[in-house]
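Subject: A structure for you to explore

Hi there,

Here is the structure I promised to pass on to you. Have a look at it first, and then read my notes below.

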Amino acid sequence: MENNNKFVIDSEIKTIFRTDDIAQDIYQLITELYPICRSITGNGFRETLKIIQQYIPLCVYEVPTGTEVFDWRVPKEWNIKDAYIKNSQGQKIVDFANSNLHLVNYSLPIHKKVSLTELKAHLFTLPEYPDLIPYHTSYYKETWGFCLSHNQYLELNDQEYEVYIDSTLESGHLSYGEYYIPGKTTDEVLISCHACHPSLCNDNLSGIAIATFIAKYLSQTTPKYSYRFLWIPGTIGSITWLALNEAKVNNIKHGLVLTCLGDSGNFTYKKSRRGDTEIDKVAAYVLRNSKQDYKIIDFFPYGYDERQYCSPGFNLAVGCLMRSPHGSFPEYHTSADDLNFVQPQYLAESFFQCRSILEILNNNHIYYNQNPKCEPQLGRRGLYQQDSRLNQMATLWVLNLSDGQHTLLDIAERSGMSFDVIKYAADRLLAHELLISKNN
Ligand code: ZN
């Protein structure tokens, strides 16, 4: 039988996860992670996982450089201590210590004097946003470079510059974090976020922090599904995880990639490649009922790690929950994606939206009516106008559509009633043994 105490457990947890507290807690974690220079490998990524471990006991995995993962190899590990450009007077004009975005992520070590012409071949700016520092990476092409505002770039003159990058690019490991919450079944929900960006808040500290607090929340429940959380470097991390854990992939029944969840934009849900899976339906239902504008977009093979989870060899039911999608806001991948761009109230809203999706998914049962030949007599069971919370039409809809073919969400959609009202009616009918779960 299903857990009839679910509402009690939920209401207890809701008092622990109050909106103001969760807003501040998520924002606080982002503030703590913000200064760290992360990359797809290296100590910044490890330090990030160590901080998340103060919230949840995730496991850290280390995969050696050179490990074959499908068509890829785990790259060399990159670490960075310091970097700057000095002018001919010895003044630091670009300094990694001021912003880790100043350095092209994965830059090779270098220390030499260069002409303005040579320097310019290694500089990146954003002419359309001349005050902002862009974010650049060069993971798979060994080079070096700096990023700076276009205004500063225009001030450079013809003199000799000293460039210094104290980095290492050597055999080492790719690190990732994994946290598994066992549920009542081995069927899994995958929650994945990339955790490889340096000081950038919306993309991607918002996803890292919300995944952490969703994990903390779920660890205090006894969910139907098991949950697997991944904090991985983008692209190579999901490829690595899928390659090394192929035997576990069949357990993944639903999944969400979390990213860009702290800005003021409306919610966007990107459907799984299959497009009509249960997570797609649940996410659409939650956004439709959020009383805010939202967008549902079809799958396309670009974006975040859903690209790998939804590659044809896996084709998992994994969608992506965002507010403003990547590339759609001018702050994206620039120094303006900072601690002001993400705000506690938007982070909290995203946390609750994500939690609603997971709760409905978790409670989206399919039942059989145990008295399918005509309606059962509800009055003698105290189910007819004796319970003010119990909606009579909801009771009739649940009884009628519990034929082993319809989920509670299907019933909510078809009846036009809210999932909570339908769920409560189902719980009452279940308690009176008028329903039996399809999976029991
Ligand atoms: Zn990004």
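**What I found**

Five residues, W72, W78, Y106, Y139 and Y140, come together in one aromatic cluster. Please keep in mind that this is a predicted model, so let me begin with how confident the predictor was before coming back to those rings.

**Confidence**

The mean pLDDT of the protein chain is 95, and 96% of its residues reach 70 or more. The start of the chain is another matter: over residues 1-15 pLDDT stays under 50, and the model has 22 contacts beyond four places in sequence for that stretch. Where pLDDT is low, the predicted coordinates should not be read in detail.

**The overall picture**

The protein chain has 440 residues, and 56% of them are buried. Its secondary structure comes to 13 helices and 19 strands. Along the principal axes, the C-alpha trace spans about 95 × 40 × 35 Å. The domain assignment splits the chain into domain 1 (7-74 + 173-363), domain 2 (77-170) and domain 3 (366-437). Between the centres of domain 2 and domain 3, taken over C-alpha atoms, there are 64 Å. Contacts often reach across the sequence: among those between residues at least 6 apart, 80% join residues at least 24 apart.

**Aromatic pairs**

Now back to the rings. The count comes to 16 aromatic pairs. One of them is W78 with Y106, which is stacked, at 5.7 Å centre to centre and 25° between the planes. W78 belongs to strand β4 (residues 77-86) and Y106 to the loop between β5 (92-95) and β6 (110-114), so this pair ties together parts that are 28 residues apart in sequence. Are these two buried or exposed? W78 counts as buried because its relative accessibility is 2%, and Y106 counts as buried at 2% as well.

Y217 and F351 form an edge-to-face pair, with 6.5 Å centre to centre and 85° between the planes. Y217 sits in helix α6 and F351 in helix α10, so here the parts tied together are 134 residues apart in sequence. Both Y217 and F351 are buried.

**The zinc ion**

Which residues coordinate the zinc ion? They are H197 (NE2), D203 (OD) and H333 (NE2), at 2.1 Å. Along the chain, these donors follow the spacing H-x5-D-x129-H. H197 and H333 link distant parts of the chain, 136 residues apart: H197 is in the loop between β11 (188-194) and α6 (201-218), and H333 is in the loop between β16 (318-322) and α10 (344-363). With a relative accessibility of 8%, H197 counts as buried.

**Helix α11 and the loop before it**

The buried residues of α11 are A394, T395, V398, L399 and L401. They pack against β17, β18 (403-407), α12 (408-415), α13 (419-431) and β19 (435-437). An α-helix has 3.6 residues a turn, so residues three or four places apart point the same way. At the N-terminal end of α11, N391 acts as a cap: one of its side-chain oxygens lies 2.9 Å from the backbone nitrogen of M393.

S388 is found in the loop between β17 (366-369) and α11 (392-401). This residue counts as exposed because its relative accessibility is 83%. The C-alpha atoms of S388 and T235 are 51 Å apart, with their positions 153 residues apart along the chain.

Enjoy exploring!

Best wishes

Note on methods
Residues are numbered from 1 along each chain as its sequence is written. Side-chain values use heavy atoms; hydrogens and water are left out. Helices (H or I, at least four residues) and strands (E, at least two) are DSSP runs, numbered from the N terminus. Buried means under 20% relative accessible area, exposed over 50%, partly exposed in between (1.4 Å probe, protein chains only). Donors are N, O and S atoms within 2.8 Å of the metal (3.2 Å for Na, K and Ca); water is not among the atoms, so sites may look incomplete. Domain bounds come from an automatic or database domain assignment. pLDDT is the predictor's confidence in each residue, from 0 to 100. Contact means heavy atoms within 4.5 Å. A polar contact is a pair of N or O atoms within 3.5 Å; within protein, one must be able to donate a hydrogen and the other to accept it, and residues adjacent in sequence count only if both atoms are side-chain atoms. Rings of Phe, Tyr and Trp (its six-membered ring) pair if their centres lie within 6.5 Å; planes under 30 degrees apart count as stacked, over 60 as edge-to-face and the rest as tilted.
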